[in-house]
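Trainee: Could we go through this model together? I would like to hear how each label is earned.

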Amino acid sequence: MEKEKLYQPLLEISSTSDIRRILRLIVNSVIKLSNSQRAIIMILDKKKKKLCRVATQTSSRKFSYPIEQPRANGITWRTIRGRKPILIKEGSIDFSIVRPEEKARKIRAIASFPLVGRERVLGVLTVSSTSVSAFGRKERQNLSILAGQAAITLEKAQLIKDIEEAKIKLENWNKELERKVKEKTEELERSQALVLQSEKLAGLGQLAAGVAHEIRNPLGIIATSMYYLNEILPEKRKEVKKHFHIIESEIDRCQVIINNLLEFSRTSDIEVEPVDVNGLLNMTLSLVEKELFGRDIRLIKKIEKVPKIKANLDEMKQVFLNLILNATQAMPKGGELRIITSTHNDKVRIKVSDTGMGISKENLDKIFNPFFTTKEPGEGTGLGLALVHTIIERYGGNIRVESEEEKGTTFTTELPIFKGRY
């Protein structure tokens, strides 16, 4: 008969996966099987410092009084520490630890069963009865079985919780991994694009050097012919002399441009070297002088004597050429290009300003992003300023931009002064 009484609740418990329902079934079964007045399941927190009630059942409302945190010397904590059941009855020495509210309701026997998991005590099942003869041997056996079932249920609940937490962590790790892979892929694409742009600029430099060499030869022939004509036409008219002078002057100017172009396109074999900022700026400006004149752009230079910087010469050529060309392209209807150099806090400061179209506020934070461009399709790759930003940061410098639509843009670059000998 006792086995049949236990079989039915165990059957109900095994037929559900609802953890809370299982614990309620257990405390209900405890009351019925032991004819007791109150059954409580309390679980221990992970730090093993507090107990929390998870299921309670009473035989009547009389025994539904508030549950307080068990005392250190009480039956609950003694059961946890001992890891075995404890039974105390009225008249025994141990009964003195029973709470006043339990004595007031004429509780005469209390049994406590540890909920023992695989590695630790998970909690306690405490049963109270008004009968001093309660909790005989068979009843205690049945209650121990139910306590074991409660322990299995709690471990299952913890396992489910751990699996859910692990699942969430795994999902988060996957998202983080995807994000990092995406970032690295984009970074690789940017690097590849910058390398291609650098190679393209290097190729253009080599082409320009070849063209300059080719032009130098016919210019030499023209200069020789001019010298010959000067010799055989000593009695030239005033108008002829004037035009001879213009031709000679323009030949000299072409030679200067070619020399600057050859110097600019010269590849440096040195990784880093002292770079004369002012000299490099002047050389770069001489190459775009015709572009400025053709676009009706007035050049204003305020170049102070500044120390050299330590950088790669070829990369600094790219930086200055990109900034100056960007400024000229921003002024299709003409304007003013300002180049200012100065020293500020152990850094050489270079300002390139234009009075062009300006950049909108929503685009101001994007201009150093690879492939971002405000130019018309086919007019720009969006890599120039990204390349500038990368190079400047590589040498411990910084670049910032200020702009206002229809008023113009200023790029301010700061690079550390070269100190020491080279």
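Mentor: Gladly, and keep in mind that the model is predicted. Let's take helix 3 and its buried residues.

Trainee: Which residues of helix 3 are called buried, and what makes them so?

Mentor: They are Ile75, Thr76, Trp77, Thr79 and Ile80. The label requires under 20% relative accessible area, so each of these residues falls below that cut-off.

Trainee: What covers the buried residues of helix 3?

Mentor: The cover includes strand 1, strand 2, strand 3, strand 4 and strand 5. Helix 3 lies across these strands and runs at about 40° to strand 4. Just after the helix comes Arg83, with a positive phi near 60°.

Trainee: How are the five strands ordered in their sheet, and how do they pair?

Mentor: The order is 2-1-5-4-3, the sheet is open, and the pairing is antiparallel.

Trainee: Why do strand 2 and strand 3 count as edges?

Mentor: Strand 2 (51-58) and strand 3 (86-89) each have a single partner strand, so one side of each has no neighbour in the sheet. From one strand to the next, the twist averages 15°.

Trainee: How do you know that strand 1 and strand 2 are paired?

Mentor: Pairing needs at least two bridges, and these strands have seven in the antiparallel sense, so they qualify. Within that pair, Ile43 stands opposite Cys52 of strand 2. Helix 2 (residues 19-34) also packs on this sheet, where it touches strand 1, strand 2 and strand 5, and its direction makes about 50° with that of strand 2.

Trainee: What makes an empty space a cavity, and how many cavities of 30 Å³ or more are there?

Mentor: A cavity is space where a 1.4 Å probe fits but cannot get out. The count is one cavity of 30 Å³ or more. About 380 Å³ of space lies in the largest cavity. Its lining has 22 residues, and the closest to the centre are Ile75, Thr76, Arg99, Glu102 and Thr126. Ile75 and Thr76 are also among the buried residues of helix 3.

Trainee: Which element gives the largest share of that lining, and how do the lining residues divide by type?

Mentor: Strand 5 gives the largest share, four residues. The lining of the largest cavity divides into twelve nonpolar, four polar and six charged residues.

Trainee: What is the volume of the second largest pocket, and why is it called a pocket and not a cavity?

Mentor: Its volume is about 620 Å³. A pocket is an open set of points, whereas a probe in a cavity cannot get out, so the open one takes the name pocket. The second largest pocket is lined by 20 residues, and Ile43, Arg120, Leu154, Ala157 and Gln158 lie nearest its centre. Helix 5 gives the largest share of this lining, seven residues. By type, the lining has nine nonpolar, one polar and ten charged residues.

Trainee: What about the open sheet with the order 7-9-10-12-11?

Mentor: That sheet has five strands and mixed pairing. Strand 7 (297-303) and strand 11 (398-404) are the edges, because each has a single partner strand and one side left without a neighbour in the sheet.

Trainee: How do you know that strand 11 and strand 12 are paired?

Mentor: They share seven bridges in the antiparallel sense, and at least two are needed, so the pair qualifies. In strand 12, Thr412 is the bridge partner of Arg400.

Technical notes
Residues numbered from 1 in each chain as written. Predicted model: local features only at pLDDT ≥ 70, side-chain atom pairs only at ≥ 80, totals over all residues. Heavy atoms only, no water. 1 Å grid on protein atoms, 1.4 Å probe; cavity = no way out; pocket = protein on both sides within 12 Å on 5 of 7 lines; lining within 4 Å. Points joined across faces, edges and corners; volume = space filled by probe spheres on them. Nonpolar A, V, L, I, M, F, W, Y, C, P; charged D, E, K, R; others polar. Axes fitted to C-alpha atoms, helices over the stretch in contact; angles between N-to-C directions. Contact = heavy atoms within 4.5 Å. Buried < 20%, exposed > 50% of the residue type's maximum accessible area, 1.4 Å probe, protein only.
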